[in-house]
Amino acid sequence: MSRTSLHPITIGLLLLAGVAAPLLFPAYTNQIAVLWLMIVFASTWDILGGQMGYNSLGNIFFFGAGMYTSAVVQIGLFYDVGMYTSGARTTHIVFTTAQYFTGFALGMMAAGVAAALLALATSWIVFGLRGPYFAIGTLGVAVAGAELIASWEWVGAAGGISMPVFPGAPEVQKLFFYFLLFGLAFVVLVFLRWLYSTNFGLAINAIRDDEEKAEAMGLYTGRYKRTAWAISAFFLGIAGAIFGNMTGFIEPRDIAFPTTTFNIFMILMVLLGGKGTFWGPVVGAVVFHVIKEVTWTYFLGWQFVALGLLIVIIVVYFQQGIVGWLMEKYPERFGIRVAPKEKQDLARPASLSPQPEGAE
Amino acid sequence: MTDAIIELVNVNKSFGGVIANRDVSLTVERGAITGLIGPNGSGKTTLFNSIVGYHPIDSGTIRFEGREISQLRVQEIARLGLLRTFQTTRIYGKMSCVQNMQISIPHRKAAFFDMFAYERAGVIERAEHLLAFVGLYEKRFLRAGSLSFGQQKLLEFAMALMNEPTVLLLDEPTAGINPTLINGLIDRLKRANAEFGITMLIIEHNMRVIMNMASKIYCLAHGEMLAAGEPDEIQRNQNVIDAYLGAH
């Protein structure tokens, strides 16, 4: 964790994968775009859930908040939002190319900033809670967000908003959003690698290992927790803005604040890949996304059964995740050293060596 | 008159109907090693927790360097330079020893953007120096959680030194440590006191240890201050002997 940036070869491979994927599998461009989104989900969830030991069930709140902020900015720059979203509207509204891209660019920035500010605002409430109470508290924030939007006429309430239409051919649109999501995932990975190499990374690890000790050592724990929460919110807000425009139609319960799908997926991907590791969330996202796409395609109707089964298997048998398991098996490869076994410990099976605490 | 760095006047603390500390007064002199003894359940750790702001006190005054600190929170008190170690050793188990040390730097003047500071060569050097001081240099890249209990205790002590405290409150530093290691620890505590000028207040059950180190000893029993004085006086004090043997 001491490296400050990704290895140049890793960066090269990432860029290569990002550019080559839509060229090699043009039929799956959208699915791969969503895969990058999943990597953003998993990696930003891991900031709190893995590195800081705060299992949040409410990260999706920032995704939805960003999506709606962006929509309001994109529409509000040129039209009256209440009129645009009104169910009684009969006129057809078209955004010019210039309007679309200025609106989208500003909307994306606003989404990130608004989500981060909302994170700071909610942090005063949720960080008063610990352990399972924190998880439930954050879930409450996400559910409340969805219900609030669903009853707010000005932003279309439960009926949702039809987003401005992309001014271009469908093929161009596909690639445009693909590269936006890939770019976001790439920035998130580079940023997190840097972040984890600074004192910040050490401090949130210290909070995970023993928060009371960190307080007793004079660490500004509150400041670190709020900032971590705001950082993941910032990237999720931008992700929401992009995804909202990609789908073209947003509504609160299933697209903006999907507490039972995306929200659970992000946690599941991290658990599958290995929480608290840099590559775990990425590996988890890839494996999970493939499993999910396969079940959704070939076992439609049974997909949630398969998903539930996967959750049970991971939580019961495979808590440390893929990368976590590799780190335990080959610690030297990851630069971790554990105490050499003392003589009287030789009889002990390897499974008794220090293990990561359960999923809490 | 010597310089009092910590001053407690008539501190009271009760949990529901249980009175943990009743009118406890105590003075720690700058640069000295002060001991706090007493039978199990006599309120020593409660007193420690009160001093470091872990819980509010019911009444009384706690002054650190002349400043009232009984209303401050744990982190604020720690940043003033009044640090405590725990009876049940607490370290950051999944991080390496060096990382444990790196994050223990003093946070007194940390500004917002210091959160994103890199490890500095000076910090690493100091961390390794202190790890060598407690005898953990060879194990510096090991996961702290994989060390033995005694070694974790030494690591916790090194972390406390890394924080450059003015006063160190040690809660049973030798509990659970192999008897042969105890002498080494006493030696290091004394050296930290003499070389780094750190004032210490130590809770200890091991009489040989505390009589050896402290220049002044307080004895608590049933939440009240039973006796105070130099080690020789305390050892001869009939009340103290009775308290330990249960005649109280």
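Student: Why are α2(A) and α10(A) called roughly antiparallel to each other?

Tutor: In this predicted model, the axes of α2 (residues 29-52) and α10 (residues 221-247) of chain A cross at roughly 170° and come within 10 Å. Axes are lines fitted to C-alpha atoms, for helices over the stretch in contact, with angles from 0 to 180 degrees between N-to-C directions. Angles over 145 degrees count as roughly antiparallel, so α2(A) and α10(A) earn that name.

Student: Which residues make the contact?

Tutor: Among them are A:L37, A:W45 and A:M52 of α2(A), and A:W229, A:F235 and A:F243 of α10(A). Contact means that C-beta atoms, placed from the backbone, lie within 7 Å. By class, the contact has 13 nonpolar, two polar and one charged residues; Ala, Val, Leu, Ile, Met, Phe, Trp, Tyr, Cys and Pro count as nonpolar, Asp, Glu, Lys and Arg as charged, and the others, Gly among them, as polar.

Student: Good. Now to chain B: what makes β1(B) and β2(B) a pair?

Tutor: Pairing requires at least two DSSP bridges between strands, and β1(B) and β2(B) have eight, in the antiparallel sense. For example, B:I6 has B:V28 in β2(B) as its bridge partner. Strands are DSSP runs of E, at least two residues, and helices runs of H or I, at least four, numbered from the N terminus.

Student: Which strands stand at the edges?

Tutor: The open sheet has the order β2-β1-β4-β5 in chain B. There β2 (18-29) and β5 (67-68) each have a single partner strand, so one side of each is left without a neighbour in the sheet.

Student: And how are things numbered and filtered?

Tutor: Residues are numbered from 1 along each chain as its sequence is written, with chains lettered from A and ligands numbered from 1 in the order in which they are written. As the model is predicted, local features need pLDDT of at least 70 and side-chain atom pairs count only at pLDDT 80 or more, while totals for chains, interfaces and linings use all residues.

Key. Angles under 35 degrees count as roughly parallel, over 145 as roughly antiparallel, 65 to 115 as roughly perpendicular and the rest as oblique. Two residues are in contact if their C-beta atoms, placed from the backbone, lie within 7 Å.
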